[in-house]
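Please read the following briefing alongside the sequence and the structure shown here. It moves from the overall make-up to individual elements and residues.

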Amino acid sequence: RDIINYLNPKSIDFGISGSIATEDIIKIIGKELKPYIHYAGSIPIKLTLNGNNKKQTMFFQSMMDKNNFITPVDFNELQEKTITLQSVIDFKGNRTKIKKTGFYERTVTVDDKGNEIINLDEIFGIDGTIMGNRINLIKITMPKTLTGKLAIFPKSSFALTGKAFVFGETSNPRFRGGFNVQSFKAPELLTDIRNLSLRFRGHEADINIDDLLMNGSDMQIKTTFSLLPSSVFHITHLNIDSRYLNVDKLMVVVERAMKYVPTSSPSSQNAKASDIPVDIRNGFINFARIIVGNIDIKNTTSRLSLHNNILYLDNLKTNAFEGNVRGNISVNLLSMLLNIKLHGENVDVAKAMLDAAGMKDMLSGKADFDTDISLQGSTIEEQMKSLLGTVNFLVIDGQFGPFGKLENMILAENIRESAFFQTFIGNMLSGLLSVDTTHFSELKGTLKFEDGICYIEPITSSGDILALHLFGKFDLLEKLN
């Protein structure tokens with residue numbers, strides 16, 4: 001259609017209409033996201049712009065039904081129904097008025113004169129006015145609770161309610177209201193959430209996740225983040241609490257989730273990792289119990305923060321192997337450089353060796369230790385090669401296992417039975433070997449790690465019968481292989 005005198009139009013009458021195949025929309029969105037979208041058929045669309053040099057009205061409308069649709073979420077209340085997506089926007093001077101915008105259930109009735117009457121019942125609506133650079137008020141409404149499932153998880157289910165309001169400067173608007181997701185279930189991920197709430201508070205928003213259950217592990221998450229425009233997503237507060245976490249079972253959830261992560265193109269795989277656009281200022285974790293294999297860790301607390309791609313756990317405190325451990329840990333989430341500074345007290349060595357390594361009756365006693373090490377890499381080989389730092393330890397009132405017996409350290413059984421032990425000196429040594437040398441009052445040492453080598457500098461023990469002084473080095477990678 002024509003626009004009359006477009007330099008100073010007295011009237012505008014412009015319109016286009018047609019349809020677009022949902023398959024073509026998927027190509028525009030990207031094939032990587034195709035599994036996340038439920039689609040079929042073609043979507044009819046209509047766009048008009050009418051008015052004059054003082055006022056213009058833009059009208060957009062598209063319709064979807066059971067045979068023609070595209071959506072990442074299948075809502076139960078909308079099945080077998082015709083849905084209209086439309087927007088009406090008036091432009092007059094510096095005023096922009098948004099009205100009759102959103103998703104609507106479309107029904108057609110006939111009056112007593114035989115005329116068709118089109119009814120649009122709001123499902124999700126947007127209405128408001130913008131004056132220049134100021135939002136007078138924009139209302140986002142959802143009159144009824146919607147239940148449905150995510151297209152990527154066909155067995156999932158949830159209920160959604162809420163409303164929101166936007167006002168203030170367009171450069172940094174304020175928000176009020178919020179939304180609730182209740183009874184979320186995703187059996188594909190072994191995950192349930194009793195309630196997830198989003199609450200707007202001006203320039204900030206709160207997200208609370210109540211009773212997040214993942215394959216038997218539970219979490220409660222409370223977070224506050226900034227709504228001010230920024231290239232970095234600022235989380236001002238983050239609290240994570242848990243009564244029980246089983247890391248092995250959580251890894252099952254992670255493995256399942258990885259199957260749903262969009263595949264990357266070869267070019268993006270080879271691209272240099274960009275900075276993580278997230279900043280966590282004040283975080284705190286409080287885990288009552290963590291199970292890792294046979295290791296049972298209790299009462300773990302720590303401050304948590306994230307800056308410049310580095311995740312920090314500061315003032316970490318926990319109870320492990322009936323002892324107390326505290327310190328600081330940081331990890332670069334891009335380079336995977338891990339720094340560990342820990343101090344342990346009164347750790348049960350026998351329990352630690354049994355639970356962590358499956359080694360029974362090898363060493364006992366109560367240990368204190370200090371660890372200051374760093375490592376990097378995604379494989380054990382890379383981590384061992386990059387391992388750098390020192391470990392100091394002190395074990396008191398303990399006992400060696402079989403390797404602490406003198407005969408096992410010095411003499412093999414066939415030597416003890418040789419003719420040498422028939423001599424007077426041999427008999428004296430043989431008698432000495434029958435004394436229990438495994439007990440010690442103190443075992444202490446320093447281990448230094450560099451370039452895949454562990455340096456013993458040194459390890460010493462003292463007991464009533466036997467004192468040991470061990471030094472040397474060994475190749476971690478060779479032992480690993």
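## Briefing on the predicted model

With a relative accessible area of 62%, Glu80 counts as exposed, because the cut-off for that class is over 50%. The coordinates belong to a predicted model, and Glu80 recurs below under two topics, the salt bridges and the backbone angles. The protein as a whole comprises 9 helices and 29 strands, and 34% of its 481 residues count as buried.

**Overall make-up**

- Among the contacts in the protein with a separation of 6 or more, those between residues 24 or more positions apart account for 46%.
- One pair that is separated in sequence but not far apart in space is Lys10 and Asn53, which stand 43 residues apart along the chain while their C-alpha atoms are 5.6 Å apart.
- Lys10 belongs to the loop between strand 1 (3-4) and strand 2, and with a relative accessibility of 69% this lysine counts as exposed.

**Helix 1 and its surroundings**

- Helix 1 spans residues 22-29, and within this helix Thr22, Ile25 and Ile26 are buried.
- These three residues lie on the same side of helix 1, because the arc they cover around the axis is only 100°.
- The other side of helix 1 carries Lys27 and Ile28, both of which are exposed.
- The packing partners of the buried residues of helix 1 are four strands, namely strand 2 (11-21), strand 3 (38-40), strand 4 (42-51) and strand 6.
- Gly30 comes just after helix 1 and adopts a positive phi of about 120°.

**Salt bridges**

- Across the whole structure, a search finds 18 salt bridges, of which several are described here.
- Lys66 and Glu80 form one of these salt bridges, with 3.6 Å between their closest N and O atoms.
- This pair links distant parts of the chain, since Lys66 sits in the loop between strand 5 (55-64) and strand 6 (69-71), whereas Glu80 sits in the loop between strand 7 (73-75) and strand 8 (82-92), and the two are 14 residues apart.
- Asp296 and Arg289 also meet through their side chains in a salt bridge, with an N to O distance of 3.0 Å.
- Both partners of that bridge are partly exposed, Asp296 having a relative accessible area of 24% and Arg289 having one of 36%.
- A further salt bridge joins Lys444 to Glu442, where the closest N and O atoms are 3.8 Å apart.
- Lys444, with a relative accessible area of 40%, is partly exposed, and Glu442, at 29% relative accessibility, is partly exposed as well.
- Elsewhere, Arg201, Glu204 and Asp206 are joined into one network by salt bridges that share partners.

**Positive phi angles outside glycine**

- Glu80 is not a glycine, yet its phi is positive, at about 65°.
- The location of Glu80 is the loop between strand 7 and strand 8, and the residue is exposed, as its relative accessible area is 62%.
- Asn299 is another residue other than glycine with a positive phi, in this case near 55°.
- Unlike the loop residue Glu80, Asn299 is placed in strand 21, which covers residues 295-307.
- Asn299 counts as partly exposed, with a relative accessibility of 48%.

**The second largest pocket**

- The second largest pocket holds about 590 Å³ of space.
- Its lining consists of 23 residues, and those that lie nearest the centre of the second largest pocket are Thr71, Val73, Phe75, Leu78 and Ile83.
- Strand 6, strand 7 and strand 10 (116-131) each contribute at least two residues to the lining of the second largest pocket.
- By residue class, the lining of the second largest pocket is made up of 15 nonpolar, 3 polar and 5 charged residues.
- Strand 6 therefore appears in two of the topics above, as it supplies residues to the lining of the second largest pocket and is also among the strands against which the buried residues of helix 1 pack.

Conventions:
Residues numbered from 1 in each chain as written. Predicted model: local features only at pLDDT ≥ 70, side-chain atom pairs only at ≥ 80, totals over all residues. Heavy atoms only, no water. Salt bridge = Lys/Arg side-chain N within 4 Å of Asp/Glu carboxyl O. Buried < 20%, exposed > 50% of the residue type's maximum accessible area, 1.4 Å probe, protein only. 1 Å grid on protein atoms, 1.4 Å probe; cavity = no way out; pocket = protein on both sides within 12 Å on 5 of 7 lines; lining within 4 Å. Points joined across faces, edges and corners; volume = space filled by probe spheres on them. Nonpolar A, V, L, I, M, F, W, Y, C, P; charged D, E, K, R; others polar. Arc of directions from axis to C-beta. Contact = heavy atoms within 4.5 Å.
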